[in-house]
Each structure stands twice: as structure tokens, then as C-alpha cells.
Amino acid sequence: MNDRNGTINHVVTRFAPSPTGFMHVGGVRTALFAWLFARKHGGTFILRIEDTDKAREVGGSIEHIIESLKWLGIEWDEGPDIGGPHAPYIQSERLDSYRKYARLLIEKGFAYSDPYTEEEVEAFRKQAETEKRAFLYRDHRPNVTEAWDGTKPLRFKVPAIKRYVWNDLVRGELSAGEEALDDFILIKSDGYPTYNFAHIIDDHEMGVSHIVRADEFIASTPKFLSLYDALEITPPLFATMPPILGPDGKHKLSKRDGAKDILDYRKEGYLPEALVNFLAFLGWNPGDEREVLSIAELTDAFSFDHIQKAGAKFNEEKLRWFNHEHLKRLPDTDFTAHLTAFMVEFGFDTSTYLGKIASLLKERSQTLLEAAEAVRAGDFSFCEEIIIVPSQELLLKSAKADAATVKTHLKHVSELLVKISDDAFTADVVKDSIFGYATEQGRSAVLWPMRVALSGKEKSPDPFILSALIGKEKTLARIAAAQEILR
RNA sequence: GGCCCUUUCGUCUAAUGGUUAGGACAGCGCCCUUUCACGGCGUAAAUACGGGUUCGAUUCCCGUAGGGGUCACCA
């Protein structure tokens, strides 16, 4: 909560999704910022499920949300699965609480039973639309109303129609006119509260200090503020995030633009920390020129001060770059562990030589999926194979020399390599032993055929790395085999 | 249509009255190099427009235009 000077005493933020399907990037980023802010200030982060619209609820969503957040490493201190001092954390289980505040508002004269049918209200709305006016229920506010019996919607009666001005931690001073104020529904005829009502009660009861929220709530803030007034509750601080736009920048990112389930990124081989890094930079920066940051660094650098006001376009190209950077920074053993887990999970056959080619894979793949596919395609099969039988054509393709000359070179290379002891057969030693000869004789005539002899492929890592990878014995055998092919 | 928000390279952004307007992704070029990849260097590229305020505006104010949001018994 905040004291009168606005000093942060204890930060409490929350992420409050509704279980209506999968998690998309917009929701995840809002959750991420709320979480980073709480962590930065040693505060509390709450996960709350807003399931007050039973018609739209999609089964399994809660589990899916939890799985998504956990994959990203966003952990909550209080939530539906772990409980906490303000349990329950699922709104449909908090109905008593909303009724309590509803009664309070009725007593104070700030709530009344809505006498109209849905059709009648719809007609008012249509009329406003026809007249190109904003729809305001309060234009039709009834003079007398019956006592609320729970079968009709309970409406909020706006205490004062006025212009509201408030401060937003990201946007600064915001304001909205009287048109933004209306008698909105507190409790629906099915007994569930609306978002407008429920989130305010919950945030209050859960001690939320900062509401990190999406752009679309700016327009309804005056409604919230008037409800806070009626309830005589001090509102939390607001921090409004910029929208995430589709690649064309024309509208908010939608499924059509490829907005997908956040867990799809796991399938596509993205590292959660890379995705988090990318998402954090969509509308935020650390205030310096660093870009590739770990979660710990992100937490440390995070502040609302550097959040953008304008919308950002989702750019998958840059996400791929972030992922590659994070992949490259992984120690080989960690990379291998990640890749192996990925391949097992998504049905790839794992190879025993993955650990040996970790550094090659990291360098060449932007995602774990690309690495897995490269392995499956046999791009590194030369690690396992005993014999390689390249064609003479390939052996000579870029050698810029005739078969007899190449054959002589390979023979000489063998003679140099055989002198190296088995345990000293590293890429550097191999290079040192033959590089002088190769330079002298023309590198393309020596190194190209050697590399093809070892890999059997037109494209591959260099022959020194290859030699070390497959070992002295196979290296010599393959070079000998290549000499047989040449005539 | 009303109300609200927003506007720096193609994209993500830095610079909160004085900079040759900086970085990154993507692009292009060169270098490294036996191929591929990695890497290095370099290049092109922006303050939406029009008015103010000021000695001086990317920065402050107003207007215009573009974009976004909202006007539910959805959140």
C-alpha cells in the first residue's frame, strides 16, 4: 500500500486473466511487467482468475495459464493453486465478498435494481448508435426502483457526474470527461459480478498497490474512480502498458497476425528467457544500450519510467535474434540439456553425439527447433558414420585442382596427421600441423577435398573441427577412402 | 459519431531546450574464409505536418493529419 506521500511501502501487483482460452503475447507481457515490478521491489505478485463470465469460459484455461506462466519462469506468491492470505483467488468463489460490498452500496444509495429488460437496454443502445452518440445508460436512469431481489442486474449509481483527472505511472496525467461516466452493472442477473466491480473489490481486499494493466482500460478508468469514491476506498496506482500491434501496425495483435498461444513458442524452440527478454523490450528499455539481458538483469533494471507510451509492433525477426543470442550464451552442457529435452518432448530421435556438436549447433540455429531439424536432416551425421563415400565430383568441386594433385595432397595430409598422438588430436593441433602445407599448396586444393572427405557434404564445419570431432582413426580412414575414389 | 490515448530510421528504441539525432533487428557493401555458419568493419535509413513559446526546439503549447482504444448483463 502507499502512504500519503506516495512512497512505496509494500508493492503488491497482480495478473488477473480470465479463463477464456490461451495466453497470448499481450497478456503475457502485462503479467511480466507486473511481476518484474513486484520482484524489483521485493513485493508480492498475485495470480487471480477472473471467471465471472461463465458463458465464455473455456475448460482447461486455468491449467493452461498456469503452465504458460511457469514455463516463462513467472512465479506468483499467492494464487489459486497455492492459496495465500486472501484466498480464494478465483472470482467465482468470492461471490459473498461482492454481495457484501453490493449491499453496502445499496445502503449508501449508490446502487439500484435495473428495471429494464435486456431488449430495452439494447434498444437504448441502438438509438444512441443511430444518433451517433455514445451510449449512456444514465440518460435512462429510472426515477423509482424496486428493491434489488438478485434476479435483475444491480446498477451502480454514479455519485457525481464530473470530469476525472488522475495520474498514471506511465502516461502521466490523464483525464476524461463526463461521457466516460455511467451507471454500469455491478452484479449481473446471473448473480456474478462484472469485471468493473469485481476487480476493484478484489484489488482492495488483496492489498494491491499497483495495477499494471492494458491500454484499453484507460477509457473506463473514470468509472472505476467513481466507484472507488462511492466506496470511500483510495485507489491503487495505475500503470498502463502500451498496446502490442500486429506487424502491419493497423490494429492490436490478433490471431490473424499470428498472435498465438504463448506455448506455441515452446514448440517452435524458443527459450523462455529469450521470449521474456524480447517481450520486455516490446515497450520498455533498461535506460542504457544493453539488449540481451537475463531475467535477473531485467528485474534489476525494471522501472515504469522507461515504458513506452505508444504501441509497438510485434516483430518475430527480432525475437529470433534474441533467441539466438540467448542460445549462444548457454554453456554447451546446458544447451545440450535443453535441446535433448526439446527433442524428446516433440518426438525427435536424439543422437548420442549431440553433446559433441553443441557449439556448432548453437552457432547455426536460431531456435531449438532448427537445431533439432538439422540433426534429423543428418547435417551432422558424419559424427556417427564410419565410412563416408563422397563422389569424385564433389571432392573436386571447389578444389581448383585435378584428381591426381588432390590425391597427392590428401596423401600428404595423412602423413602429417598420423604423427599427431591420439590424445592431442584437437582442432587447433590438426590445423597447426597441416595449415602450412595447405597454404603453400593452395588451400582450396587441400582443405576443400579434405573437408568433403570427412563430411561427405558440400556444406559443413571446417576440416579441423571435423577431424577433432570424429577422431584420428576415422579421419585417417576417410582421407584414405577419398584417395581410393579419386582416379 | 462522442470521449480518451498516441506519433523519432522499414521495425524495436535512445536523446526530457543546445548531440554530426545514438544503439539494435532487418537490408546493402567489404573483410575473415576450403564451403556453410559465426564474427569484424562499414553504409543507407527517422524527429508526421502547420503554427506558436524561446537566442535555440525531437523535447513545451495549440491545431491538423495518421494510428490505436473505448462507448456490453466481455474482461
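Reader: Where does P235 lie?
Author: Helices (H or I, at least four residues) and strands (E, at least two) are DSSP runs, numbered from the N terminus. On that basis P235 sits in the loop between α6 and β9 (237-241).

Reader: What kind of model is this, and which residues and atoms count?
Author: Residues are numbered from 1 along each chain as its sequence is written, with chains lettered from A and ligands numbered from 1 in the order in which they are written. Side-chain values use heavy atoms, without hydrogens and water; local features need pLDDT of at least 70, side-chain atom pairs need pLDDT 80 or more, and totals for chains, interfaces and linings use all residues, since this is a predicted model.

Reader: What is the relative accessible area of P235?
Author: Buried means under 20% relative accessible area, exposed over 50%, and partly exposed in between (1.4 Å probe, protein chains only). P235 counts as partly exposed, because its value is 30%.

Reader: Which residues does P235 touch?
Author: Contact means heavy atoms within 4.5 Å. Residues up to four places away in sequence are not counted. Two that are buried in α6 remain: P235 touches L225 and Y228.

Reader: How many residues of α6 are buried?
Author: Helix α6 covers residues 221-231 and is mostly covered. Among its buried residues are T221, P222, F224 and A230. The count is 9 of 11.

Reader: Which residue just after α6 takes a positive phi?
Author: The angle is about 55 degrees. The residue is E232.

Reader: What is the order of the open sheet of 3 strands?
Author: Two strands pair if DSSP finds at least two bridges between them. The pairing in this sheet is antiparallel. β3 and β4 (residues 154-156) pair over 3 bridges, with A111 opposite F156. The order is β3-β4-β7.

Reader: Why is one side of β3 and one side of β7 left without a neighbour in the sheet?
Author: The open sheet runs β3-β4-β7. β3 (111-113) and β7 (185-187) stand at the edges, so one side of each lacks a neighbour: each has a single partner strand.

Reader: At what angle do α15 and α18 cross?
Author: Axes are lines fitted to C-alpha atoms, for helices over the stretch in contact, and angles run from 0 to 180 degrees between N-to-C directions. The axes of α15 (residues 403-417) and α18 (residues 463-485) come within 9 Å. Angles under 35 degrees count as roughly parallel, over 145 as roughly antiparallel, 65 to 115 as roughly perpendicular and the rest as oblique. These two helices are therefore roughly antiparallel, crossing at roughly 160 degrees.

Reader: How do the residues of the contact of α15 with α18 divide?
Author: K407, L410, K411, V413, S414 and L417 in α15 meet K472, T475, L476, I479, A482 and Q483 in α18. Ala, Val, Leu, Ile, Met, Phe, Trp, Tyr, Cys and Pro count as nonpolar, Asp, Glu, Lys and Arg as charged, and the others, Gly among them, as polar. The division is 6 nonpolar, 3 polar and 3 charged.

Reader: Roughly parallel or roughly perpendicular: which are α15 and α17?
Author: Helix α17 (residues 443-455) packs on α15 with the axes 9 Å apart. Their angle is about 75 degrees. The two helices are therefore roughly perpendicular.

Reader: How do the residues of the contact of α15 with α17 divide?
Author: V406, H409, L410, V413 and L417 in α15 meet A445, V446, P449 and M450 in α17. The division is 8 nonpolar, 1 polar and no charged.

Reader: How far apart are the C-alpha atoms of E173 and R443?
Author: E173 is in strand β6 (residues 172-176). The two residues are 270 residues apart along the chain. Their C-alpha separation is 68 Å.

Reader: Which residues does a cis peptide bond join?
Author: Omega is about 0 degrees at this bond. P88 lies in the loop between α2 (61-72) and α3 (95-108). The bond joins A87 and P88.

Reader: What is the relative accessible area of K132?
Author: K132 is found in the loop between α4 (118-130) and β4. Its phi is near 50 degrees, a positive value in a residue other than glycine. K132 is exposed, with an area of 79%.
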